[in-house]
Amino acid sequence: MQYVDGFIVPVPKKNLTAYRALARKAGKIWREHGALDYRECVAEDVKMGKQTSFPRSVKRKPNETVVLSWIVYKSRAHRDRVNAKVMKDPRLTGMIDPKALPFDGKRMIYGGFETLVKL
């Protein structure tokens with residue numbers, strides 16, 4: 001079964017254009033190094049829940065939106081190989097500086113997931 005890295009991040013609405021540019025560049029790099037799929041999705045029908053929700057999970061501020069992202073790999077081992085190559089790619093140099101990011105990386109939620117069901 002495939003392996004997925006998932007991310008949820010708050011992005012200031014005024015930074016969405018910059019975020020999209022960063023995501024396109026990052027996606028191209030991940031795909032070139034072997035990722036099977038790369039998606040970045042902006043919240044469209046995401047409400048603030050009373051106890052839990054995507055906005056609550058990242059402590060979304062009024063001027064922000066939520067982006068849900070995922071990268072698909074063949075397996076955990078494949079993910080580890082791809083990410084090792086990606087992290088050495090010189091095109092990522094400016095993209096990993098927290099001060100240069102168009103979002104607050106401290107509030108990003110991420111993790112690796114084994115596929116449970118694929119239809």
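Confidence in this predicted model averages a pLDDT of 93 over the protein chain, and 98% of the residues score at least 70. Among the helices and strands, the lowest mean confidence, 92, belongs to helix α2 (residues 54–57), while strand β2 (residues 37–42) has the highest, at 98.

With confidence covered, the interior comes next. The largest nonpolar core contains 19 residues. Within this core, Tyr19, Trp30 and Tyr73 have the most contacts. Two or more residues of the core come from each of β1, α1, β3 (64–73) and α3. Helix α1 gives the most, with six residues. Tryptophan 30 offers a good place to look at the surroundings of one of these residues. Leaving out residues up to four places away in sequence, tryptophan 30 touches Ala35, Tyr38, Ile71, Tyr73, Val82, Asn83, Val86, Met87 and Leu92. One of these partners, Tyr73, is itself named among the core residues with the most contacts.

Charged side chains add another kind of link. The count of salt bridges in the model comes to nine. In one of them, aspartate 5 pairs with arginine 79, and the closest N and O atoms are 2.7 Å apart. Aspartate 5 belongs to strand β1 (residues 3–12) and arginine 79 to helix α3 (residues 76–88), so this salt bridge ties together parts that lie 74 residues apart in sequence. Both aspartate 5 and arginine 79 are buried. For arginine 79 the relative accessibility is 12%, and this residue counts as buried because the cut-off is under 20%.

Arginine 79 also forms a salt bridge with aspartate 80, with 2.9 Å between the closest N and O atoms. Aspartate 80 has 37% relative accessibility and counts as partly exposed. Through shared partners, salt bridges join Asp5, Arg76, Arg79 and Asp80 into one network. A student tracing this network on the structure can start from arginine 79, whose partners include aspartate 5 and aspartate 80.

A further salt bridge connects arginine 91 with glutamate 32, and here the closest N and O atoms are 2.7 Å apart. This pair links distant parts of the chain, 59 residues apart: arginine 91 sits in the loop between α3 and β4 (109–114), and glutamate 32 in helix α1 (residues 16–32). Arginine 91 is partly exposed, at 32% relative accessibility. Glutamate 32 is partly exposed too, with a relative accessible area of 47%.

The loop between α3 and β4 also holds aspartate 89. The relative accessible area of aspartate 89 is 8%, so this residue is buried. Apart from neighbours within four places in sequence, aspartate 89 is in contact with Ile29 and His33.

Threonine 65 gives a view of strand β3, where this residue is found. At 10% relative accessibility, threonine 65 counts as buried. When neighbours within four places in sequence are set aside, the contacts of threonine 65 are Val9, Pro10, Val11, Lys13, Leu16, Val42, Ala43 and Arg60. Two distances help to place threonine 65 in the model. The C-alpha atom of arginine 20 is 13 Å from that of threonine 65, with their positions 45 residues apart in sequence. Arginine 20 is found in helix α1 and counts as exposed, at 54% relative accessibility. Valine 117 is 52 residues from threonine 65 along the chain, and their C-alpha atoms are separated by 29 Å.

Valine 117 leads to the surface of the model. This residue lies in the segment after β4. At 60% relative accessibility, valine 117 counts as exposed, since the cut-off is over 50%. Together with Leu116 and Leu119, Val117 forms a nonpolar patch on the surface. The accessible area of these three residues together is about 460 Å².

One last detail concerns the backbone. Lysine 59 is not a glycine, although its phi is positive, at about 55 degrees. This lysine 59 is found in the loop between α2 and β3. With a relative accessible area of 63%, lysine 59 is exposed.

Note on methods. Residues are numbered from 1 along each chain as its sequence is written. This is a predicted model: local features need pLDDT of at least 70, side-chain atom pairs count only at pLDDT 80 or more; totals for chains, interfaces and linings use all residues. Side-chain values use heavy atoms; hydrogens and water are left out. A salt bridge is a side-chain nitrogen of Lys or Arg within 4 Å of a carboxyl oxygen of Asp or Glu. Helices (H or I, at least four residues) and strands (E, at least two) are DSSP runs, numbered from the N terminus. Buried means under 20% relative accessible area, exposed over 50%, partly exposed in between (1.4 Å probe, protein chains only). A nonpolar core is a set of buried Ala, Val, Leu, Ile, Met, Phe, Trp, Tyr and Cys residues joined through side-chain atoms within 4.5 Å. Contact means heavy atoms within 4.5 Å. pLDDT is the predictor's confidence in each residue, from 0 to 100. Patches are made of residues with over 30% relative accessible area and no salt bridge: like charges are joined within 9 Å, nonpolar side chains (Val, Leu, Ile, Met, Phe, Trp, Tyr) within 5 Å. Accessible areas come from the Shrake-Rupley method with a 1.4 Å probe; for residues, only the protein chains shown count as cover.
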